[in-house]
Amino acid sequence: MIALNVASGELLPRTPEFVQSHLEHFLVAGAPGAITGCVHLDEYAPSRAEVRSLAVSPVAQGAGI
């Protein structure tokens, strides 16, 4: 999902190892048999966080995910 948006410059590349080591900070949206979106929340403090790696599958864009 992330890799689909790297070439356009919308997202920075993330290795599978990075994603695996930060799984507890990812939220994944899905439909039966498919992943439709993902987002990585990097929390710096209880009141400060950064939204990273926000991506929605091209077929699911505009569907309110």
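Student: Why is Ser53 called buried?

Tutor: The relative accessible area of Ser53 is 5%, and the word buried applies under 20%, so Ser53 counts as buried. Keep in mind as we go that this is a predicted model.

Student: Where does Ser53 lie, and what makes its backbone worth a look?

Tutor: Ser53 lies in strand β3. Its phi is positive, about 55°, although Ser53 is not a glycine. Most residues other than glycine have a negative phi, which is the reason to pause here.

Student: And Ser57, how do you know whether it is buried or exposed?

Tutor: Use the cut-off again: Ser57 has a relative accessible area of 11%, which is under 20%, so Ser57 is buried as well. Ser57 belongs to the segment after β3. From the C-alpha of Ser57 to that of Gly30 the distance is 9.9 Å, with their positions 27 residues apart along the chain.

Student: Why is Met1 called partly exposed?

Tutor: Met1 has a relative accessibility of 28%. Buried would need a value under 20% and exposed one over 50%, so Met1 falls in between and counts as partly exposed. Met1 sits in the segment before α1 (16-21). Across 54 residues of sequence, the C-alpha atoms of Met1 and Ala55 are 6.3 Å apart.

Student: How many elements does the chain have, and in what order do they run?

Tutor: There are one helix and three strands, and from the N terminus they run α-β-β-β. Of the 65 residues, 25% count as buried. The C-alpha atoms fill a box of roughly 35 × 25 × 20 Å along the principal axes.

Student: What makes the contact between Arg52 and Asp42 a salt bridge?

Tutor: The N to O distance between their side chains is 2.6 Å, and the cut-off is 4 Å, so the pair qualifies. It links distant parts of the chain, with Arg52 in strand β3 (residues 48-56) and Asp42 in strand β2, ten residues apart. Both Arg52 and Asp42 are buried. The count by this rule is one salt bridge.

Student: How do you know that Arg14 lies over the face of Phe18?

Tutor: Arg14 is 4.8 Å from the ring centre of Phe18. The distance cut-off for a charge over a ring is 6 Å, together with an angle within 35 degrees of the ring normal. The distance fits, and Arg14 is listed as lying over the face of Phe18. As for aromatic pairs, the count is zero.

Student: Which residues line the largest pocket, and what is its volume?

Tutor: The volume is about 160 Å³. The lining is made of Met1, Ile2, Ala3, Val19, Leu23, Phe26, Val28, Ile35 and Cys38. The elements giving two or more residues to that lining are β1 (26-31) and β2 (34-45).

Student: What makes the lining nonpolar, polar or charged by class?

Tutor: Met, Ile, Ala, Val, Leu, Phe and Cys are among the types that count as nonpolar. The residues of the lining are of these types, so the classes come to nine nonpolar, no polar and no charged residues. Met1, the partly exposed residue from earlier, is one of those in the lining.

Terms used:
Residues are numbered from 1 along each chain as its sequence is written. This is a predicted model: local features need pLDDT of at least 70, side-chain atom pairs count only at pLDDT 80 or more; totals for chains, interfaces and linings use all residues. Side-chain values use heavy atoms; hydrogens and water are left out. Rings of Phe, Tyr and Trp (its six-membered ring) pair if their centres lie within 6.5 Å; planes under 30 degrees apart count as stacked, over 60 as edge-to-face and the rest as tilted. On a 1 Å grid over the protein atoms alone, a cavity is a set of points where a 1.4 Å probe fits but cannot get out, and a pocket is an open set with protein on both sides within 12 Å along at least five of seven lines; lining residues have an atom within 4 Å of a point. Grid points are joined across faces, edges and corners, and a volume is the space filled by probe spheres set on the points. Helices (H or I, at least four residues) and strands (E, at least two) are DSSP runs, numbered from the N terminus. Buried means under 20% relative accessible area, exposed over 50%, partly exposed in between (1.4 Å probe, protein chains only).
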